[in-house]
Amino acid sequence: MNLAYRDVRHNFFRFVLTCLGLSLLMAVVLAMMGIYNGAVIDALTIARAPKVDVWVVEAGTKGPFAESSRIPGSTREAVARLQGVADAGSVTYQNADGEYNGTSRRLYIIGYEPSRLGGPQDLTAGRPITRTHFEMIADTRTGLLLGDRVRLGRNHFQVVGLVHNHVNSGGDPAVYISLLDAQTLQFEIDPAAVRVKRAKGEVSESQDTVNAVIARLHPGADPEQVTASVRRWKHLSGMTQVQEETLLTRSVIERQRRQLGLFMAILMAVSAVVIALIIYMMTIEKLKQIATLKLIGAPDRTIVWLIVQQSLALGVTGWFFGLGMLSMVKDFFPRRVVLDVPDALVMGGIIAFVCVIASGLGIRAALKADPATALGG
């Protein structure tokens, strides 16, 4: 006879309501894990988009994503001549507001040379940029469609291509424009300010600067050797693709990782307390029945297993419903939520462990029950 099943069936409505409340807690815990995974993937998407092997940035910086980096545009020719380099390209990165249909959107602007490395390799619609001015490839999260025109600075850009899930670590959707347009936007100054600078005789900063130079190597070439060659130039620093991705995950989103981890730990502690209190109250309500079991000779392991089963039933059912709820609403989150099957199973194992620990309070009360109370009125 499965005593836990019979007890749940006897109080089925209360059990369902309890599981529903726990499933909301589980859904939040799973969402925290999914948001963290999504933040890592978002941070790496931009760095992986051009499919390169080496990043060249300003010396003494961790650019172009973790810190500001500015190097001369002529660096690309020097990098392209290094042994082992098959192709090189210059890129810029900046945040700017774009205007479309009277509304403003925060965008992550990526500038690259259309004939060289730096552009996206996974278009979902449209075509690559072919002109040096006023064409754009936009992420679908911007809400833009092919043919739409967006104002950036003082110019309008036409959307000629679309990509999916190209966002920066802050969640801003990315758009790709030509390097010349990106440099113009980066150094664009109000006409009145230009006149003031000219009147003072100030020399304006050269616009032929980029945030990084990226390189793709010949098959068999060693990225470490190429970056070592770059570091011999005192004003430059080089990183492999693996080093760049490691820097992004450990530096750019490290604080976010810790914050989400802390929230997950707090929610798991709250879940453990809630389950412990529920199991304790359910055990107290049936102390007389437990005393009767002891009176007729039921061993302690039978009573312990009854309580552990109920605790696991609450936790597993809450996990299952929570996962279902998250699957239905995750696409409506402002940030990408990525929850893989292994992550969900690991969280399920953690929840099962928490349930076993949380049942300890109810087990303690059950084992202290006096069989003589079964004979009372």
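Visitor: Which residues in α9 meet which residues in α12?

Guide: This is a predicted model. In it, Leu287, Ile290 and Lys294 are the residues of α9 that meet α12, where their counterparts are Ala365, Ala366 and Leu367. Sorted by class, this contact has 5 nonpolar, no polar and 1 charged residues.

Visitor: How are two packed helices described?

Guide: The description uses the angle between their axes and the distance between the axes. Here, helix α9 covers residues 287-295 and helix α12 covers residues 360-367. Their axes come within 10 Å and cross at roughly 60 degrees. That crossing makes α9 oblique to α12.

Visitor: Now a strand. Which side chains of β7 are buried and which are not?

Guide: Follow the side chains along the strand and note which face each one points to. In β7, residues 149-152, they alternate. Val150 and Leu152 point to one face and are buried. Arg149 and Arg151 point to the other face and are not buried.

Visitor: Which strands does β7 pair with?

Guide: For each partner, look at the direction and the bridges. Strand β3, residues 85-100, pairs with β7 in the antiparallel sense over 2 bridges. Within that pairing, Glu99 has Arg151 of β7 as its bridge partner. Strand β8, residues 155-163, also runs antiparallel to β7, and 4 bridges join them. Opposite Val150 stands Phe157 in β8.

Visitor: What lies between β7 and β8?

Guide: The two strands form a hairpin, with 2 residues between them. Gly153 is in the turn and has a positive phi of about 65 degrees.

Note on methods. Residues numbered from 1 in each chain as written. Predicted model: local features only at pLDDT ≥ 70, side-chain atom pairs only at ≥ 80, totals over all residues. Heavy atoms only, no water. Axes fitted to C-alpha atoms, helices over the stretch in contact; angles between N-to-C directions. Parallel < 35°, antiparallel > 145°, perpendicular 65-115°, else oblique. Contact = heavy atoms within 4.5 Å. Nonpolar A, V, L, I, M, F, W, Y, C, P; charged D, E, K, R; others polar. Buried < 20%, exposed > 50% of the residue type's maximum accessible area, 1.4 Å probe, protein only. Pairing = 2+ DSSP bridges.
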